[in-house]
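Subject: Structure for you to look at

Hello,

Here is the structure I said I would pass on. Please open it first, then read the notes below it.

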Amino acid sequence: RPGTTIVVDNVVREGGVLPGLEISLSNLFTTLAFSLSDNGDVIFYGFVSGPGISTTNDVAILRWVPSTRTVQRIVQEGDMIEVLPGDFRKVTDFEFSGGLGQSASYSCGVNSSGQVAFSAVFSKVINNITNTTRGIMIANRPSTFADWAWRAKLPVGQDGPGDDANGDGVPNIMAYYFGYNGTDVLNQADLVRWNWNGAAIEVEFDHDATVTDVVAEIKITGAL
């Protein structure tokens, strides 16, 4: 319409370097091969090129993350995946069905949590014979503090790990680590519980298992 400004966000383009991976997208598959999740992730599928890339590993399913504006690998030809405990197999082929996910005539391989479903073909040499198997896999979205802060819409200048966006005395990084959102008003009892058992001190806390980019250590100081 006249006077209407359309804002277009460039996610990826053929020939462009994928931010965060430093390899290029040489050919983008576009027929039911990309999808937009409810959390803003864009999942796409295509050929890549660059350092360490050959014809044996030049196809990948990738994820564009809006909070960091970077691209993550989901699966790439040549990846080793543990299909059973201790049984690692090489990915030789895979398929991803994207689309709008709004009707039965379209497929969508990503859900609102950012999990991605794809089919894969695996190979493993057993007794000099190449064994081929197929499976359906689900790739879970890795959690990051930057993504958590972006989802929580923390104010600029109060969105760092050491900031306290809601003024409850609990730094953002701790709310993230313990699985709370940026607006929850917390106190010490929500995070750590101390139990005295004679001469022993027991410490309990509920860590969000999906948070893997932060490590917590408990230190006790003072005179004994």
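The chain has a radius of gyration of 22 Å, whereas a compact globule of 224 residues would have one near 17 Å. Bear in mind that this is a predicted model. Along its principal axes, the C-alpha trace spans about 70 × 65 × 40 Å. Of the 224 residues in the chain, 35% are buried. The accessible surface amounts to about 13,800 Å², and carbon and sulfur atoms hold 54% of that.

Next, the elements. There are ten strands and three helices in the chain. Reading from the N terminus, the order is β-β-β-β-β-β-β-β-α-α-α-β-β. If you count contacts with a separation of 6 or more, 41% of them join residues 24 or more positions apart.

Which residues have the most contacts inside the largest nonpolar core? They are Ile43, Tyr45, Ile61, Ile74, Val75, Phe94 and Phe118, in a core of 18 residues. At least two residues of this core come from each of β2 (42–49), β3 (59–65), β4 (70–76), β6 (87–95), β7 (116–126) and β8 (129–139). The strand that gives the most is β7, with four residues.

Ile43 is a useful residue to click on. Leaving aside residues up to four places away in sequence, Ile43 touches Ala33, Phe34, Ser35, Ile61, Leu62, Arg63, Ile74, Phe96, Val110 and Val116. A second core of 15 residues is separate from the largest one, and its members include Phe145, Leu154, Tyr176 and Phe178.

Phe145 also leads to the helices. Helix α1 covers residues 145–152, and Phe145, Asp147, Trp148 and Ala149 are buried in it. When you look at such a pattern, remember that an α-helix has 3.6 residues a turn, so residues three or four places apart point the same way. What covers the buried residues of α1? The cover includes β3 and α2 (172–177). Just after α1 comes Lys153, with a positive phi of about 55°.

Last, the charges. The chain carries 14 positive and 25 negative charges, and the mean positions of the two sets lie 7 Å apart.

A suggested order for viewing: start with Ile43 and the residues it touches, go on to the strands that supply the largest core, and finish with α1 and what covers its buried residues.

Regards

Notes
Residues are numbered from 1 along each chain as its sequence is written. This is a predicted model: local features need pLDDT of at least 70, side-chain atom pairs count only at pLDDT 80 or more; totals for chains, interfaces and linings use all residues. Side-chain values use heavy atoms; hydrogens and water are left out. A nonpolar core is a set of buried Ala, Val, Leu, Ile, Met, Phe, Trp, Tyr and Cys residues joined through side-chain atoms within 4.5 Å. Buried means under 20% relative accessible area, exposed over 50%, partly exposed in between (1.4 Å probe, protein chains only). Contact means heavy atoms within 4.5 Å. The radius of gyration is taken over C-alpha atoms; the globule rule is 2.2 Å times the number of residues to the power 0.38. Accessible areas come from the Shrake-Rupley method with a 1.4 Å probe; for residues, only the protein chains shown count as cover. Lys and Arg count as positive and Asp and Glu as negative; His and the chain ends are not counted. The place of a charge is taken as NZ of Lys, CZ of Arg, CG of Asp or CD of Glu.
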